[in-house]
Amino acid sequence: MDLAPEDIERLVAAAAAARDHAYAPYSRFRVGAALLLPDGGVSSGCNVENASFGLAVCAERNAVAAAVAAGARSFRALVVITDVSPPAPPCGACRQVLSEFGDFPVVLANATGDRLVTSVSVLLPGAFDRRALEAD
Ligand code: THU
């Protein structure tokens, strides 16, 4: 499904607002993410770090958790925003978590105005999925 430019910019605004709340005192790398839900709503998330470094949770996975808690089970698009150029893509763990909810456009954005459009299946070809659990 095509992603309208106005949808992208609405998600960028939500992701940037979430990024403003990032809790990243250790890495100083602030990330915001926003998911477009089937009903047109938006769920966002930011990265949340911890003094026990391995407990950091990425912005994308916090956005997924918020969306699922709101009742969503599929997504129309994701925007991830950082302040680096070129824009940073989701980490491997987040790619796997995103792939649980299908294949949808992923827009990598930054405050400079870069918008790189890719997708879950391009970011994670050959994802592990539930079919493996059903195979005998
Ligand atoms: N981070 C994200 O929020 N998303 C990613 O996809 C990659 C990394 C966060 C985790 C950590 O708080 C900081 O960026 C540096 O790795």
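Does Phe 53 count as buried or exposed, and at what relative accessibility? In this predicted model, Phe 53 counts as exposed because its relative accessibility is 60%, and the cut-off for exposed is over 50%. Phe 53 sits in the loop that runs between β2 (42-46) and α2. Tyr 26 is 27 residues away from Phe 53 in sequence. In space, the C-alpha atoms of Phe 53 and Tyr 26 are 8.0 Å apart.

Aromatic pairs were then searched for across the whole structure, and 3 were found. One of them joins Phe 75 and Phe 101. Their ring centres are 5.2 Å apart, and the planes meet at 45°, a tilted arrangement. This pair links distant parts of the chain. Phe 75 belongs to the loop between α2 (59-69) and β3 (77-82). Phe 101 belongs to the loop between α3 (92-99) and β4 (105-110). The two residues are 26 apart in sequence. Both Phe 75 and Phe 101 are buried.

Phe 75 also pairs with Phe 104. Here the geometry is edge-to-face, with 90° between the planes and 5.7 Å from centre to centre. Phe 75 lies in the loop between α2 and β3, and Phe 104 in the loop between α3 and β4, so this pair ties together parts that are 29 residues apart in sequence. Phe 104 is buried, as is Phe 75.

Taken together, ring pairs connect Phe 75, Phe 101 and Phe 104 into a cluster. Phe 75 and Phe 101 in this cluster are buried, and so is Phe 104, whereas Phe 53 is exposed.

Terms used. Residues are numbered from 1 along each chain as its sequence is written. This is a predicted model: local features need pLDDT of at least 70, side-chain atom pairs count only at pLDDT 80 or more; totals for chains, interfaces and linings use all residues. Side-chain values use heavy atoms; hydrogens and water are left out. Rings of Phe, Tyr and Trp (its six-membered ring) pair if their centres lie within 6.5 Å; planes under 30 degrees apart count as stacked, over 60 as edge-to-face and the rest as tilted. Helices (H or I, at least four residues) and strands (E, at least two) are DSSP runs, numbered from the N terminus. Buried means under 20% relative accessible area, exposed over 50%, partly exposed in between (1.4 Å probe, protein chains only).
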